[in-house]
Amino acid sequence: MELPFSESYRIKMVAPIKKSTRQEREAWIKAANYNLFNLKSDQVFIDLLTDSGTGAMSEQQWAELMLGDESYAGASSYYKMKTAIKNILGFDYFLPTHQGRAAENVLFSVLVEAGDIVPGNSHFDTTKGHIEFRKAKAIDCTIDEAFHTELEYPFKGNVDIKKLQKVFDENDASKIKFFIVTITNNTSGGQPVSMENLRAVRKFADEKEVMVVIDSARFAENAYFIKTREKGYENKSIKEIVAEMYTYADAMTMSSKKDAIVNMGGFIAMRDKELFDKASTFNIMFEGYLTYGGMSGRDMNALAQGLDEGTEFDYLETRIKQVEYLGNRLIEFGIPIQKPIGGHAVFIDAKRMLPSIPKEEFPAQTLAIELYLEAGIRGVEIGAILADRDPVTRENRYPDLELVRLAIPRRTYTNNHMDVIAVAVKNVFDRKDQIKKGVKIIKEAPIMRHFTVALERL
Ligand code: F0G
């Protein structure tokens, strides 16, 4: 008999988590204004709000913490991180930042001006926020396949080159200085971008003489999908694939809280010395001196170690197979989810799961609330609340997809937890006909409203 699949690590330290009653959860979510960000962590049993900074570090990473060099300038931890970035990603220059959006803030301070256009594949909300904050425009050029959750397509994160061309045809080309490619494509469901597509984006960028910036939060998961899905890459190591991916980029921003498996940290890496020099000024202003930029030495050490571990096949296989396990359990129960199953999360199609809730009543948020009430599971809305208002017209933007993301922290929960999640979703699905009303907004911030929005049940 063939041995079943199992994890590539054993557990050395645990943190207790607490169950609650439905009655308690009803009071807590009401007090939280039906915004799951407002819950206290001990009011949550299984926390799938994000896979960002919520994973478990390895014993080697904890050991690296003890070796951190906290010198203000020239710390050995900085050089450890520099070496890891050069060896794994191939960039000569880098700037540490405290997290991914800080990397965006610094880099876009150099690259983005009012009136600019930044095409890409489903820009993440902070990425879009930093573009729109500078009175520039982010245009989504993700392939159409991404917006049909039932459609099985191996690289639903891809950029549509025809859509990129259209952006050039319809706008002043001098306003376009770079493309941003997000790997994996978080917003469309943790879906990967193929090597072929990265190559095509590079070629197109060269023709138009613009830069390519890779938003790299889940770059290693992207490489895993290239290895397991793209012809010609079966026998290459993850590190070989990663190295090739970055040959197609001029620069990258990184939220290290994802694929570098640390709780906090980020960086910008680039090839061009001039870009590095310009960005350095902003890094010193916003983040910190060049050799720590918002990070402690110990955290830079753990990050360097995490980059190495995060680009090992066994680790990635364990990680992605757990997400797949949850996704397959949901499929067995007939739950409509984004297919194929993504790298860091399972995305439930809320429009199809709760068809009687109109888009104006935020079906994905309604579903996220129901799932919390059912079993203390905290997911996150990726729908109209997140999509926010149009910065010019101030009208609500209704995206094609209303999703609830169940993001799986790295090396944190077991497959028993996945079973609890699957049954909880099924129980909500079984009583979907009783869920007839959604929510309405009673208070919202002018930008990135989803973090702080206050809601009322209708
Ligand atoms: N880019 C992508 C693709 C992301 O998913 C995130 C964060 C960022 C940039 C910003 O990085 O959080 O370190 O400042 N995503 C988290 C999430 C918050 O839950 O998906 P950050």
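This tour moves through the ligand site, the pockets and the cavities of a predicted model.

**Stop 1: the ligand and its shell**

Begin by selecting the ligand together with the 17 residues around it. Thr 50, Arg 101, Ser 255, Lys 258 and Arg 405 are the residues of this shell that come nearest. Next, highlight helix α4, residues 100–111, which supplies three residues, the largest share of the shell. Colouring the shell by residue class gives two nonpolar, eight polar and seven charged residues.

Three side chains may then be shown as sticks, each with a polar atom placed by an oxygen atom of the ligand. For Arg 405, the separation is 2.7 Å. For Asn 186, the corresponding distance is 2.9 Å, and for Arg 218 it is 3.0 Å. How much of the ligand's accessible area does the protein cover? On its own the ligand has 470 Å² of accessible area, and the protein covers 94% of this.

**Stop 2: the largest pocket**

Now hide the ligand and select Met 13, Ala 56, Met 57, Arg 411 and Thr 412. Among the 40 residues that line the largest pocket, these five lie nearest its centre. The space in this pocket is about 1,500 Å³.

Four helices are worth colouring here: α2 (59–66), α11 (297–310), α12 (313–332) and α16 (415–430), each of which supplies at least two lining residues. Which of the elements gives the most to this lining? Helix α2 does, with three residues. At the level of domains, at least three lining residues are drawn from domain 1 (22–51 + 313–457), and at least three from domain 2 (59–309). The lining is made up of 16 nonpolar, 13 polar and 11 charged residues.

**Stop 3: the second largest pocket**

Select Lys 128, Glu 132, Ala 138, Ala 387 and Arg 397, which lie nearest the centre of the second largest pocket. In total, 37 residues line this pocket. Two or more of them come from each of α5 (125–133), β4 (137–140) and α15 (384–387). With five residues, α5 gives the most to the lining. The pocket holds about 1,100 Å³ of space, and its lining comprises 17 nonpolar, eight polar and 12 charged residues.

Colour the two domains separately at this point. The second largest pocket lies between domain 1 (22–51 + 313–457) and domain 2 (59–309), because both give residues to its lining.

**Stop 4: the cavities**

Rolling a probe the size of a water molecule over the atoms reveals where empty space remains. In this model, two cavities of 30 Å³ or more are counted.

For the largest cavity, select Asn 35, Leu 36, Phe 37, Leu 49, Gln 365, Gly 379, Val 380, Glu 381, Ile 385, His 450 and Val 453, which form its lining. About 100 Å³ of space lies within. Six of the lining residues are nonpolar, four are polar and one is charged.

For the second largest cavity, select Tyr 9, Tyr 315, Thr 318, Arg 319, Gln 322, Arg 410 and Arg 411. These residues enclose about 40 Å³ of space. Their classes are two nonpolar, two polar and three charged. Arg 411 has appeared before on this tour: this residue lines the second largest cavity and is also one of the residues nearest the centre of the largest pocket.

Conventions. Residues numbered from 1 in each chain as written. Predicted model: local features only at pLDDT ≥ 70, side-chain atom pairs only at ≥ 80, totals over all residues. Heavy atoms only, no water. 1 Å grid on protein atoms, 1.4 Å probe; cavity = no way out; pocket = protein on both sides within 12 Å on 5 of 7 lines; lining within 4 Å. Points joined across faces, edges and corners; volume = space filled by probe spheres on them. Nonpolar A, V, L, I, M, F, W, Y, C, P; charged D, E, K, R; others polar. Domains from an automatic or database assignment. Near = heavy atom within 4 Å. Polar contact = N/O pair within 3.5 Å; in protein donor to acceptor, adjacent residues only side chain to side chain. Areas by Shrake-Rupley, 256 points an atom, 1.4 Å probe, with all protein chains shown as cover.
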